[in-house]
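Good morning, and thank you for coming. Please take a moment to look at the sequence and the structure before I begin.

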Amino acid sequence: MEKKASILIVDDDINTLKTVSMLLEKKGYDTATASTGAEAMARCAQRFFNLALLDIKLPDIEGIELLTRMKAIQPATEIIMVTGYASVESAVQTLKSGASAYISKPINLDEVLSTIAQITEKQRLRFEKQQAEDALRENEAFLRQIIDANPNCIYVKDLSGHYVLVNTAIAELYDISPEAMIGRTDTELAALSCLTQEDADYLEAYDRAVIQENEAKL
């Protein structure tokens, strides 16, 4: 079975810890337990948990305060608050404090499993999106290095003639910074760089011809 998310179960009731932990492990989750707030924070400091089931009433700390401290240690850990003192006010308070969900005691195991599955799936999608964005940024940075190292003039314009990408070579040719070229047309650059208006008119006419004829030109 494919390894699923890691879950920390925090409750001062030993029977609850054993029952919930056993159930989740049978479903393929990697579990750890803690019976006090101090123990829970120590475990969070040692490793990352995808999710924590957190009892709102613990012997050494209130669940809301523990939620805040655990989020400070592991911001990406999702928290499900569990309480035997259910009320609309306490539910709103826990959600405002950063909890992802709120479950009342006695615990309904089907509800727990369903809630965990929904939260961890959303978390997985966020992680994958973040990884893709990080990889894209790395690729863009690598491409940027290649483009800037090229001695030839490289640039990209949008259909309205505004520069959206330039390399160092063309910026040096125009005697202007690459950042100053982005978002500007050749006519606008004629007033800011060594590009003449005559050159700007030629380049813009050239671009229009490429767009209208839809074929490359030398």
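Which residue in β3 does V10 stand opposite? The residue is L54. Please keep in mind throughout that this is a predicted model.

This pair leads us to the strands that hold it. Strand β1, residues 6-10, and strand β3, residues 51-55, run parallel and are joined by four bridges. On β3, L54 also stands opposite M81 in β4. Strands β3 and β4 run parallel as well, with five bridges between them.

Let us now widen the view to the sheet. It is an open sheet of five strands, in the order β2-β1-β3-β4-β5, with parallel pairing. At the edges stand β2 (30-34) and β5 (101-104); each has a single partner strand, so one side of each is left without a neighbour in the sheet. On average, neighbouring strands here are turned by 20° against each other, direction ignored.

Two helices that pack on this sheet deserve mention. Helix α2, residues 37-46, touches β1 and β2, and its direction makes about 140° with that of β2. Helix α3, residues 63-73, touches β1, β3 and β4 (78-83), and its direction makes about 170° with that of β4.

I return to β3 to consider its side chains. In a regular strand, side chains alternate between the two faces of the sheet. In β3, L51, L53 and D55 point one way, while A52 and L54 point the other way. Are these residues buried or exposed? All of them are buried. Because five of the five residues of β3 are buried, this strand is largely enclosed by the rest of the structure.

A residue of the next strand offers a further example. T83 is found in β4. Its relative accessibility is 1%, and residues under 20% are classed as buried, so T83 counts as buried. Leaving aside residues up to four places away in sequence, T83 touches D55, I56, Y102, I103, S104 and K105.

Finally, I turn to a pocket. The second largest pocket has a volume of about 190 Å³. Which residues line the second largest pocket? They are Y155, V156, K157, D158, L159, G161, Y206, D207 and I211. Strand β6 (155-157) and helix α9 (197-213) each supply at least two residues of this lining. By class, the lining has five nonpolar, one polar and three charged residues.

That concludes my presentation, and I thank you for your attention.

Definitions and conventions. Residues numbered from 1 in each chain as written. Predicted model: local features only at pLDDT ≥ 70, side-chain atom pairs only at ≥ 80, totals over all residues. Heavy atoms only, no water. 1 Å grid on protein atoms, 1.4 Å probe; cavity = no way out; pocket = protein on both sides within 12 Å on 5 of 7 lines; lining within 4 Å. Points joined across faces, edges and corners; volume = space filled by probe spheres on them. Nonpolar A, V, L, I, M, F, W, Y, C, P; charged D, E, K, R; others polar. Pairing = 2+ DSSP bridges. Axes fitted to C-alpha atoms, helices over the stretch in contact; angles between N-to-C directions. Contact = heavy atoms within 4.5 Å. Buried < 20%, exposed > 50% of the residue type's maximum accessible area, 1.4 Å probe, protein only.
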